[in-house]
Amino acid sequence: SSDVCSSDLSHEEKIRAYVIGVAKSLGLECKEDAAHNVYVRKPASKGMENRKGIVLQAHLDMVPQKNNDKKFDFTKDPIEAYIDGEWVTANGTTLGADNGIGAAAILAVLEDDTLEHGPLEALFTATEETGMDGAFGLQSNWLQADILINTDSEEEGEIYMGCAGGIDFTSNLALTREAIPAGFQSFKVTLKGLKGGHSGGDIHLGLGNANKLLSRFLAGHADELDLRLVDFNGGTLRNAIPREAWATVAVAADKADALKALVNTYQALLKNELEAKEKNLVVLLVAVDNDKAALTQASRDTFIRLLNATPNGVIRNSDVAKGVVETSLNVGVVTMTDDNVQIHCLIRSLIDSGKDYVVSMLDSLGKLAGAKTEAKG
């Protein structure tokens, strides 16, 4: 089934086998469903059989991200963890504490026979990061308890009573191209060095979004430079605030110096704007060889205007929970091919109408640009 394929692609087989092995070594009932969730049941302590049952839940997958200069294969190499003060962190990669720490906590509860508790169930879900596949495919009638505690929160000593739902929104814009005139020089403009972060937990921090910052530069100067846009790509994951974006552009030889000056000016402007948050931001311009055709002016303008106008970040704060973001979105990934560009956003909201509002906004923008839009999740 498609569930099996998607989970196998996520490389979760070994962690599933480990959890099942721990459960069996403890003599506990354990099973796996078609969506590759793992369920373990631990009977109540003596005299606690009539207490309300509780499900402890964690997900088994992680987001595998590494720094560009780090040689690392997530399918084979162990995480290089080290202790920095009070924190466990990883050398040049994500640690996997999301949600490894929750899974470890649940295994510790299952192993500890000194705890007094009612009926306990442990649910380890599959493939959470890329679409909640395990949760959506959960075997019905498995869970007996009335209360579920999800261990995938951010703050120690706090319990979340609610959670943002997510919508994946994609705009696909068809592109047309034409040859670059003779006497034009090609350059790669790279905006990088941003902190990035989680599109949920970090969206209110005022961090830079590489896709938005690079499109802003292009929108500001494409006309005056008669700039030909060959390529644009940015971001790696829909739920990560993009750290890097780059564009391949071409300008007439006599405008090359003007392009260089504008890139330097824009870097200074952004450093001033984002000084407190993005200390390592850089905008680089490098001459490159290019034999590809560029977008036509109409195609260039439609794409740049669509991306530049796409909202990003906090849309509304909650009136009910003070200091909490109610609705937001992250312009996560922009992918350009010869004849299409896809803009992939992740929308989050604590209320369904908030999600619907942002979907409506992005749908309207996409239709204005003549893009095909799709919302799912």
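A residue here counts as buried when its relative accessible area is under 20%, as exposed when that area is over 50%, and as partly exposed in between, using a 1.4 Å probe and protein chains only. By that yardstick C30, at 23% relative accessibility, is partly exposed, while C345, at 2%, is buried. Before going further, a word on where the numbers come from. The model is predicted, so to speak of local features a pLDDT of at least 70 is needed, side-chain atom pairs count only at pLDDT 80 or more, and totals for chains, interfaces and linings use all residues. Residues are numbered from 1 along each chain as its sequence is written, and side-chain values use heavy atoms, with hydrogens and water left out.

Now for the overall picture. The protein has 377 residues, and 42% of them count as buried. Its C-alpha trace spans about 85 × 45 × 45 Å along the principal axes. The secondary structure consists of eight helices and 18 strands, where helices (H or I, at least four residues) and strands (E, at least two) are DSSP runs numbered from the N terminus. Contacts, meaning heavy atoms within 4.5 Å, often link distant stretches of chain: among those between residues at least 6 apart in sequence, 74% join residues at least 24 apart.

The surface and the charges can be summed up briefly. About 20000 Å² of the protein is accessible, and carbon and sulfur atoms account for 52% of that; the areas come from the Shrake-Rupley method with a 1.4 Å probe, and for residues only the protein chains shown count as cover. There are 37 positive and 54 negative charges, and their mean positions sit 3 Å apart. In that tally Lys and Arg are positive and Asp and Glu negative, with His and the chain ends not counted. Each charge is placed at NZ of Lys, CZ of Arg, CG of Asp or CD of Glu.

What about cross-links between cysteines? A disulfide is a covalent bond between the sulfur atoms of two cysteines. With the cut-off set at a pair of cysteine sulfur atoms within 2.5 Å, a search of the whole structure turns up zero disulfides.

Aromatic rings are next. Rings of Phe, Tyr and Trp (its six-membered ring) pair if their centres lie within 6.5 Å; planes under 30 degrees apart count as stacked, over 60 as edge-to-face and the rest as tilted. The count by this rule is four aromatic pairs. One of them joins Y39 and W142, a tilted pair with 5.3 Å from centre to centre and 40° between the planes. Y39 belongs to strand β2 (residues 38–42) and W142 to the loop between α4 (133–136) and β7 (147–150), so this pair ties together parts that are 103 residues apart in sequence. Both Y39 and W142 are buried. Another pair brings together F232 and F303, with ring centres 5.4 Å apart and planes at 70°, so this one is edge-to-face. Because F232 lies in strand β11 (residues 228–234) and F303 in helix α7 (residues 297–309), the pair ties together parts that are 71 residues apart in sequence. F232 is buried, with a relative accessible area of 0%, and F303 is buried too, at 1%.

A few spots in the backbone also deserve a look. The peptide bond from D98 to N99 is cis, with omega near 10°, and N99 lies in helix α3 (residues 97–111). Which way does phi go at H11? Although H11 is not a glycine, its phi is positive, at about 60°. H11 is in the loop between α1 (2–9) and α2 (13–25) and is exposed, with a relative accessible area of 51%. T127 is not a glycine either, and has a positive phi of about 50°. T127 is found in the loop between β6 (120–125) and α4; is T127 buried or exposed? With a relative accessible area of 2%, T127 is buried.

Finally, some helix residues help with getting one's bearings. E13, in helix α2, is partly exposed at 33%. From E13 to G166 the C-alpha distance is 26 Å, with their positions 153 residues apart in sequence. G21 also lies in helix α2 and is partly exposed, at 36%. F136 lies in helix α4 and is exposed, at 68%. F136 and A126 are 10 residues apart along the chain, and their C-alpha atoms are separated by 9.8 Å.
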